[in-house]
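Reader: Hi, I am new to this one and would like to go through its backbone with you. Could you put it up on the screen first?
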Amino acid sequence: MAGTFVIDGLGGKKTLRGSLPVFGEKNTALPLMAAAALISGESRFTNVPDIADVASMKSLLEGMGAYVTHSGSELSVRAEGLSGTVFESALAKSMRASIVLTGPILARMGSVTFPMPGGDVIGARPIDIFLDGFRKLGADVLETGDTYQLSAANGLQGGDIFFRVVSVTATETFMMAAALAKGPVTLRNAAMEPGVVATADFLKACGAKIRGAGTPTIEIEPSSLQPASEPFKIIPDRIEAATFLALGALAAEELVITGAEPSHMTAVLDAFSRMQVPISIDGNAITVRSPEKLGAIAIRTHEYPGFPTDAQPPVMVALTQAEGESSVIESIFDGRLMYTAELVGMGADIEIMSPHRAIVKGPTPLKARDIVGPDIRAGLAFVLAAAIADGTSHVGNAHLVDRGYQRIEERLKPLGLDISRKV
Ligand code: EPU
């Protein structure tokens, strides 16, 4: 479903009320679906979000000969008949996460051909550390235009890979590829995101020998893989939960975010607590209320367990309503502050000091505006901005929000937000 969100903003009222469940994490569901391509048999997953990127990964896998079903929040991949090695170009270009499938296909089939992956417009997203890592494991890399052909006719070898940049998808890709390599693989300067740990847990449930996931050094020993005996539950989406927290901090009388995993959200919870947002945690439920005044804070995005770059846009919206001067340093992507120009157009006082640093002064009331989201996270941040603004906003490119959030308008409406979709 494409279209435009039409939002009649609350104009400063803090009346949202109700409970909002968090679904499974996009950035874990996608690598786990790719991991299933390593296994000759059926892999089952629960708590899978019904989002456009999951549908794209399903189609990519089907294009390679896997049989995939997705019903409700359950997803099954049967990869015994996997035969393809060439990615369907348009699908692969539609999302960055297509890159994670290169590891399993190369490891299992001995070759893989794929285009430069596309995805969000949030800055340069090269694949150099993937290519270097595959070379380290003995693969040949042939680059023709924007198409890459990797081959390892005799299988991937063991090796020691140091990632010069911490990369979530590279860590996941090489953990998966290494599970079928002929010798031990060590990954250094690995990402520590909960999704990396979940990917290791799934692979271990399939027989992989992995040590150190969740730390900077991951060691993978050769093993043989078979289908896990139990369905694997996708972890809660900490970015979705962070976004809902921002909405609650801005406009909720009381919002109960259910199905979250607060232990994955330390940096985000710390930021909201520094903003003086009343939050209480009871198991997997986080209750949030909008305070009289929000406090200005400094944040700096960082690899996990630091403050997640994907939560920067919604928190930026919250900071436009904070009393005083906030500072936001975006350390991961060099284009991930550009969307703030639209917030300025709505009345926010945000000064871009460099591609990596913004100063936000508040509070400034926001006025409704017609805006178009550039990516998944900024798109939903615009929904938040429109929700608190005075008047009716149109937020275009709803299909980008659909890549990461399951039917968001149907979930926000019951809280008392006047939001609909014009197709
Ligand atoms: N990088 C390189 N060379 C590479 C790969 C990455 O220089 O070969 C750089 C990137 O340019 C960036 C940094 O490494 O500056 C970190 O990027 P990373 O590779 O970690 O990002 P990613 O794995 O492509 C995942 C998420 C992103 C999230 C980032 C950072 C998935 C599918 N995507 O991307 O999620 O922002 O980690 O946490 O897991 C989103 O969901 O909206 C999203 C953009």
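Author: One term before we begin: helices (H or I, at least four residues) and strands (E, at least two) are DSSP runs, numbered from the N terminus. Please also keep in mind that this is a predicted model.

Reader: Okay, so what kind of peptide bond joins Tyr304 and Pro305?
Author: The bond joining Tyr304 and Pro305 is cis, with an omega of about 10°. As for its setting, Pro305 sits in the loop that runs between strand E18 (298-300) and helix H10 (312-319).

Reader: And what about the bond from Gly362 to Pro363?
Author: That peptide bond, from Gly362 to Pro363, is cis as well, and its omega is near 0°. Pro363 belongs to the loop between strand E21 (357-362) and strand E22 (370-372).

Reader: Switching to phi, what is the value for Gln276?
Author: Phi of Gln276 is near 70°, which is a positive value in a residue that is not glycine. Gln276 is placed in the loop between helix H9 (266-274) and strand E15 (279-282).

Reader: Is Gln276 buried or exposed?
Author: Gln276 counts as exposed because its relative accessible area is 54%, and the cut-off for exposed is over 50%.

Reader: Where is Asn397, then?
Author: Asn397 lies in the loop between strand E23 (392-396) and helix H13 (398-404). Although Asn397 is not a glycine, its phi is positive, at about 60°.

Reader: How exposed is Asn397?
Author: With a relative accessible area of 27%, Asn397 is partly exposed, since that label covers values between the buried limit, under 20%, and the exposed limit, over 50%.

Definitions and conventions. Residues numbered from 1 in each chain as written. Predicted model: local features only at pLDDT ≥ 70, side-chain atom pairs only at ≥ 80, totals over all residues. Heavy atoms only, no water. Buried < 20%, exposed > 50% of the residue type's maximum accessible area, 1.4 Å probe, protein only.
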